[in-house]
Protein chains: 2
Amino acid sequence: MDDAMTDDWYAVIPAGGTGSRLWPISRRNKPKFLYDILGQGRTLLQSTYDRLARRMDPDHICVVTGWRHVDEVRRQLPQLPTRNILAEPVQRDSTAAIALAAAVMAKRHGKHIVIGSFAADHVIRGMDAFDEAVEQAVVAARAGYLATIGIAASRPSTAFGYIHEGNSLADELPAASRARKVLRFVEKPDAVTAQSYLSTGEYRWNAGMFMMRVDMLFDFLRSHKPQIATAIEEIADVIVQADDGSQDAAARIDEVMARHWHGIEKIAFDYAVAEPLSLNGGVAVVPGDFGWDDVGDFNSVAALLPSANERNVKIVGNEDDVVLLDSAGDVVVPASGRTVALLGVNDMVVADTPDALLVAPRARSQEVKDMVKVLAQQGRGEVL
Amino acid sequence: MDDAMTDDWYAVIPAGGTGSRLWPISRRNKPKFLYDILGQGRTLLQSTYDRLARRMDPDHICVVTGWRHVDEVRRQLPQLPTRNILAEPVQRDSTAAIALAAAVMAKRHGKHIVIGSFAADHVIRGMDAFDEAVEQAVVAARAGYLATIGIAASRPSTAFGYIHEGNSLADELPAASRARKVLRFVEKPDAVTAQSYLSTGEYRWNAGMFMMRVDMLFDFLRSHKPQIATAIEEIADVIVQADDGSQDAAARIDEVMARHWHGIEKIAFDYAVAEPLSLNGGVAVVPGDFGWDDVGDFNSVAALLPSANERNVKIVGNEDDVVLLDSAGDVVVPASGRTVALLGVNDMVVADTPDALLVAPRARSQEVKDMVKVLAQQGRGEVL
């Protein structure tokens with residue numbers, strides 16, 4: 001990666017979402033990206049930041065998160081300039097978050113910059129492959145494409161969306177020789193459809209990583225989502241004006257946010273920008289040959305962890321707190337310091353935190369969010 | 001029950017055993033009899049005491065327990081005279097415990113008294129039926145029998161021993177018209193054998209309740225277990241001498257206990273006394289038409305509790321701490337104050353205490369003691 005490239009590209013880490021399928025580890029007030037779920041010594045957010053900071057100045061990285069998490073984000077990322085942590089009064093999905101960061105960075109650094117979006121709660125293994133894919137994606141973005149990274153689909157997952165690849169862009173973009181046009185984005189498929197995708201060899205997982213020139217992003221938003229574009233630009237203006245550190249800067253940001261943010265359409269970047277652009281051949285995909293997971297539920301956590309024993313039990317935390325007798329295939333989270341004793345327990349999730357315990361079959365990991373809904377309905381906000 | 005009868009009969013509550021199949025509720029330092037496992041407002045020990053104290057002066061009741069539990073027993077049974085709590089330096093099974101209480105009571109109240117033994121951790125429902133059975137058993141005991149109470153076998157349980165009933169003793173003992181001779185005691189049977197017992201109508205569960213004249217008990221022990229008889233009598237002498245409250249009384253008791261107790265044979269009353277006596281026609285059984293269970297494991301606890309919901313979930317503790325989604329047939333012990341959330345969990349035990357959690361299928365309730373062994377082997381004494 002040459003210096004010229006790093007100069008004009010920036011990254012936003014949208015750190016929203018409560019990760020309710022990982023309750024009781026993930027909480028409203030401390031979502032999963034703030035945890036070291038895989039026991040690597042760094043939280044998911046820190047790992048995301050680390051991946052970017054290897055090749056990028058900290059001032060090029062921006063985190064958009066809920067206002068309740070700002071202090072913790074600051075604590076976890078002390079190198080990140082404070083002005084690069086943007087606080088949402090309420091979640092407005094990824095289009096608003098990415099557009100806000102894009103607008104702020106462009107107003108600070110110039111409108112031709114490329115912005116890349118990298119979710120705070122993904123796990124990636126294989127740094128060199130990641131860097132290579134990002135580098136080619138940035139080349140494609142600089143050339144005017146919305147560039148995404150398509151993950152090698154290692155199994156017919158029904159939990160992810162897919163990207164259908166078209167022709168190579170190698171001739172058009174020699175510096176992004178592996179880039180291809182995107183024919184279309186497809187929703188999470190059923191198992192049979194997922195299998196058929198894999199057998200064609202033309203589909204990759206959509207990891208929601210997008211790189212795009214900010215001027216092109218706002219050209220698109222102004223014509224297709226004008227309300228979002230107008231509100232975001234107004235907010236970004238105030239945020240950047242506040243860079244001078246004047247006494248009432250924070251108050252002015254709060255005021256403009258309170259006025260506009262709530263009214264912004266809540267829509268994912270995939271639907272608002274990526275899919276419409278793909279219909280006109282405006283999206284490129286670069287293959288990502290690295291390990292990737294979105295750490296969406298306990299099954300996903302299990303897949304990312306080495307087994308604690310020969311019976312395929314996965315432990316998120318201190319193995320010394322877990323005592324197993326004739327138990328196999330479980331995901332155990334000993335997060336309360338207590339002894340967790342499993343006798344004859346197979347293929348279950350047992351997640352033990354200081355104020356709440358979850359027990360469920362691994363096969364029902366996706367339904368943990370339903371349990372969270374029940375807890376909310378019952379007014380048990382203190383454990384959400 | 002007339003006054004003459006109550007004057008000459010006494011009761012011992014052997015409160016030993018750790019109840020390891022009920023771990024982590026039941027602990028070495030606080031065994032199950034010290035808990036209100038069924039949420040009745042009284043512990044198992046208190047309920048046992050209450051049953052006896054309805055018809056008996058507190059000074060007629062004696063508890064034999066481990067020295068670590070003496071303070072808690074005293075706290076739970078403030079009406080019980082302190083001198084009637086006998087502390088074991090180490091467990092020596094029921095023969096030693098019953099014989100010690102019998103000897104102490106006889107030295108205080110006269111050798112012709114009848115002593116009855118009632119385990120501290122049994123649950124009984126139907127007080128009048130209990131009183132009636134005990135009354136007839138005392139009549140039989142006073143006449144020279146070892147009298148026991150045979151529980152109506154409501155199912156072919158393989159967890160209990162059985163009593164094979166012989167001829168009626170109604171002619172011999174008009175005041176114990178329902179008493180019968182015991183043909184033999186039989187061990188816990190397999191399921192087929194248990195079913196065959198039930199079909200004969202001649203078998204009842206052995207609840208380990210025994211009533212006997214103390215003079216006859218010691219006559220038997222002196223000839224069949226002389227070492228036990230000698231040691232117990234020596235200890236009992238010192239305990240009763242200490243009734244004067246002299247300054248070194250406690251020291252003298254400790255000294256005689258330290259000298260003799262450890263060497264006493266560790267053997268259940270059933271094997272040492274009841275079975276041998278039954279071979280010579282010396283045992284009578286009175287039918288007990290009351291609900292009974294020994295609260296041996298979590299399945300047993302479940303059988304004794306009303307369902308928390310229409311899906312047959314049993315909750316030992318505060319139902320508000322448990323959140324169920326699509327779960328049935330579980331036994332849940334929310335004993336830590338935390339929220340216990342079960343999603344799609346069927347027929348499991350989830351026992352949640354402040355320092356230890358157990359998860360196991362209900363079908364493996366008996367094996368919880370194996371988990372306790374594993375914990376001990378791993379040196380986790382702090383949770384045992």
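## Two meetings: chain to chain, domain to domain

Let's start with one pair: the side chains of Asp326(A) and Arg364(B) form a salt bridge, with N and O 2.5 Å apart. A salt bridge here is a side-chain nitrogen of Lys or Arg within 4 Å of a carboxyl oxygen of Asp or Glu. The count between chain B and chain A is four salt bridges.

A word on what you're looking at. This is a predicted model, where local features need pLDDT of at least 70 and side-chain atom pairs count only at pLDDT 80 or more, while totals for chains, interfaces and linings use all residues. Residues are numbered from 1 along each chain as its sequence is written, chains are lettered from A and ligands numbered from 1 in the order in which they are written, and side-chain values use heavy atoms, leaving out hydrogens and water.

Which elements does chain B bring to chain A? Those giving two or more residues are strands E13 (322–325), E15 (339–343), E16 (348–352) and E17 (356–361), plus helix H12 (368–377). Helices (H or I, at least four residues) and strands (E, at least two) are DSSP runs, numbered from the N terminus. E17(B) gives the largest share, six residues. By class, this side of chain B has 23 nonpolar, five polar and ten charged residues; Ala, Val, Leu, Ile, Met, Phe, Trp, Tyr, Cys and Pro count as nonpolar, Asp, Glu, Lys and Arg as charged, and the others, Gly among them, as polar.

Strands pair across the chains too: strand E17 (residues 356–361) of chain A runs parallel to E15(B), joined by four bridges. Pairing takes at least two DSSP bridges between two strands. Leu357(A), for one, has Val340(B) as its bridge partner.

Now look inside chain A. Its domain assignment gives domain 1 (3–293) and domain 2 (306–383), with bounds from an automatic or database assignment. Their centres, taken over C-alpha atoms, are 31 Å apart. Arg27(A) makes a salt bridge with Asp355(A), at 2.7 Å between the closest N and O atoms, and the count between the two domains is one salt bridge.

Here are the buried areas, meaning the accessible area (1.4 Å probe) that two parts lose on being put together, summed over both.

| Parts | Buried area | Carbon and sulfur share |
|---|---|---|
| Chain B and chain A | about 2800 Å² | 62% |
| Domain 1 and domain 2 of chain A | about 1100 Å² | 64% |

Arg21(A), Trp23(A) and Arg27(A) supply 55% of the area that domain 1 buries against domain 2, more than any other three residues.
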